[in-house]
Amino acid sequence: MYKTKIAGVGKFIPEKVVTNKDLEQYMETSDQWIRERTGIEERHWLKRGEDTSSTMAAKAAKDAIKMAGIEPEDVDFIIFATLSPDYFFPGNGVMLQRHLGITKTEIPALDIRNQCSGFVYGLEVADQFIKTGKYKNILLVGAEYHSGGMDISTRGRGISVLFGDGAGAVILQATEEEGKGILVTHIHSDGSQAEILSAKNPGMHGGYYDEEASEGGYDTNSDHPFVLVTEKMLNESLIYPFMEGQAVFKTAVKKFPEVIRKALATSGYDTKDVNLVIPHQANLRISQFVQKILRLRDDQMFNNIQKYGNTTAASIPIALTEAIEQGKVKDGDLLVIAAFGSGFTWGSAVIRW
Ligand code: COA
């Protein structure tokens with residue numbers, strides 16, 4: 001069996017910078033509040049009509065393809081992780097295929113809906129196909145257009161200040177180099193608290209999970225079959241993401257260390273062997289907590305949430321690309337990536353670079 005290596009990386013960040021101060025024009029918030037609780041200083045938001053999550057992904061993918069020394073036509077499988085796709089359906093995988101101009105090859109395109117863990121989920125899926133030799137050049141991307149779907153008013157401030165737009169991509173290939181490549185991956189989920197961090201509408205639940213259906217934006221007395229978006233949802237802003245921030249924080253600081261320890265234990269390493277941990281950039285305070293629990297030095301932990309906010313499925317490939325650009329990933333280094341997010345879903349991987 002082969003091992004899987006990351007042969008190319010790429011990222012795309014929209015040009016428009018939105019500082020914490022800029023957010024004050026939309027909502028009651030302050031630079032101090034955001035910085036103290038999240039470490040975020042600024043994020044990038046798309047201008048409407050400029051790009052989408054799939055077009056940003058194409059830009060990141062082109063760089064990854066170039067770095068891997070292949071042509072777009074050589075990609076034989078696309079895996080796309082996002083929670084902010086262009087359409088309800090079809091998924092972003094086929095959109096990306098079209099943007100890259102590789103529809104003639106008729107390769108498969110898979111869409112992953114695991115939110116902040118989407119990239120790690122995609123990595124585990126890709127790893128299985130590369131190891132068995134089924135595919136040779138898998139394009140895995142994470143991309144998010146969050147700013148197009150958040151409540152940018154005081155009502156939504158607990159969520160909207162956290163998130164930014166962007167895309168990251170990798171090309172995965174087989175390697176026979178002794179000891180190198182993806183050593184282990186672990187992915188997990190627990191749906192018992194699925195709504196703690198969720199965007200239920202638009203959706204086809206029709207009020208099924210709501211104690212009082214009207215709370216979810218439906219009229220229980222109506223037998224009209226249409227459930228996707230109701231007037232009440234629009235009027236009462238029920239179409240935006242919802243998060244119980246403190247509950248998410250508490251679970252994240254438990255699951256991140258747990259899944260990193262598991263990754264190291266199964267690959268036979270210890271935290272002191274790790275050159276760099278690249279966590280999903282959820283909140284700087286979460287990453288600092290994880291760093292403390294695992295007793296990692298500052299130089300073993302990569303953080304860039306200060307500049308980009310939380311870019312969900314895009315955050316790890318963006319961070320990996322940036323770490324490489326900054327010379328922080330060297331040949332032979334031991335990397336750990338880890339993610340946690342809505343679902344809850346979480347996962348990790350150990351990679352010998
Ligand atoms: N600016 C100013 N005040 C804000 C605010 C903002 N952007 N957002 C919320 N507040 C207010 C609240 O309304 C509340 O006011 P009140 O006490 O008058 O009711 C107060 O600040 C405290 O809110 P709370 O939600 O308890 O704050 P917190 O200390 O838990 O911090 C988060 C909120 C979101 C920063 C924090 O819970 C968090 O980071 N959680 C994890 C989120 C995460 O990582 N999600 C992604 C996982 S992948």
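**Entry 1: helix α3 and its sheet**

I started with helix α3, residues 53-67, in this predicted model. Helix α3 lies across β1, β4, β6 and β7 (166-175). I read its direction against β1 as about 125°.

Next I looked up the sheet that holds these strands. It is an open sheet of five strands, ordered β1-β7-β6-β4-β5, and the pairing is mixed. I noted β1 (3-12) and β5 (109-112) at the edges. Each has a single partner strand, so one side of each lacks a neighbour in the sheet. From one strand to the next, the twist averages 20°.

I then checked one pair inside this sheet. Strand β4 (residues 77-81) runs parallel to strand β6 (residues 138-144), and five bridges join them. Opposite Ala-81 I found Gly-142 in β6.

**Entry 2: the four-stranded sheet**

I moved to the open sheet with the order β8-β13-β12-β11. It has four strands and mixed pairing. Why is one side of β8 and of β11 left without a neighbour? β8 (181-189) and β11 (276-279) stand at the edges with a single partner strand each, so the other side of each stays unpaired in the sheet. The twist here averages 10° from one strand to the next.

I went through two pairings. β12 (residues 334-341) and β13 (residues 345-352) run antiparallel, with eight bridges between them. In that pair Leu-335 stands opposite Ile-351 of β13. β11 and β12 pair in the parallel sense, over four bridges. There I found Ile-337 of β12 as the bridge partner of Ile-278.

I also looked at which way the β11 side chains point. In a regular strand the side chains alternate between the two faces of the sheet. In β11, Leu-276 and Ile-278 point one way, while Val-277 and Pro-279 point the other way. Are these four buried or exposed? All are buried.

**Entry 3: helices over that sheet**

I logged two helices here. Helix α5, residues 118-131, lies across β8, β12 and β13. Helix α5 runs at about 125° to β8. Helix α8, residues 245-267, lies across β8, β11, β12 and β13. I read about 35° between helix α8 and β13.

**Entry 4: the two domains**

I looked up the domain assignment. It gives domain 1 (3-175) and domain 2 (181-194 + 243-352). Taken over C-alpha atoms, their centres are 17 Å apart. The contact takes 46 residues from domain 1 and 40 residues from domain 2.

On the domain 1 side, I listed the elements that supply at least two residues each: β1, α2, β3 (42-44), α5, β6, α6 and β7. By class, that side has 18 nonpolar, 17 polar and eleven charged residues.

**Entry 5: around the ligand**

I turned last to the ligand. Which residues come nearest? Of the 20 around the ligand, they are Thr-29, Arg-157, Gly-245, Phe-249 and Ala-282. By class, I noted ten nonpolar, eight polar and two charged residues in the shell.

I asked where the shell comes from. α2 (31-38), α6 (157-160), α8 and β12 each supply at least two residues. Helix α8 gives the largest share, five residues. Both domains take part: at least three shell residues come from domain 1 and at least three from domain 2.

I closed with a cross-check on α8. This helix lies across the four strands β8, β11, β12 and β13, and α8 also supplies five residues of the shell around the ligand.

Conventions: Residues are numbered from 1 along each chain as its sequence is written. This is a predicted model: local features need pLDDT of at least 70, side-chain atom pairs count only at pLDDT 80 or more; totals for chains, interfaces and linings use all residues. Two strands pair if DSSP finds at least two bridges between them. Axes are lines fitted to C-alpha atoms, for helices over the stretch in contact, and angles run from 0 to 180 degrees between N-to-C directions. Two residues are in contact if their C-beta atoms, placed from the backbone, lie within 7 Å. A residue is near a molecule or strand if its C-beta atom, placed from the backbone, lies within 6 Å of it. Ala, Val, Leu, Ile, Met, Phe, Trp, Tyr, Cys and Pro count as nonpolar, Asp, Glu, Lys and Arg as charged, and the others, Gly among them, as polar. Domain bounds come from an automatic or database domain assignment. A residue is buried if 20 or more other C-beta atoms lie within 10 Å of its own, exposed if 12 or fewer, and partly exposed in between; C-beta atoms are placed from the backbone.
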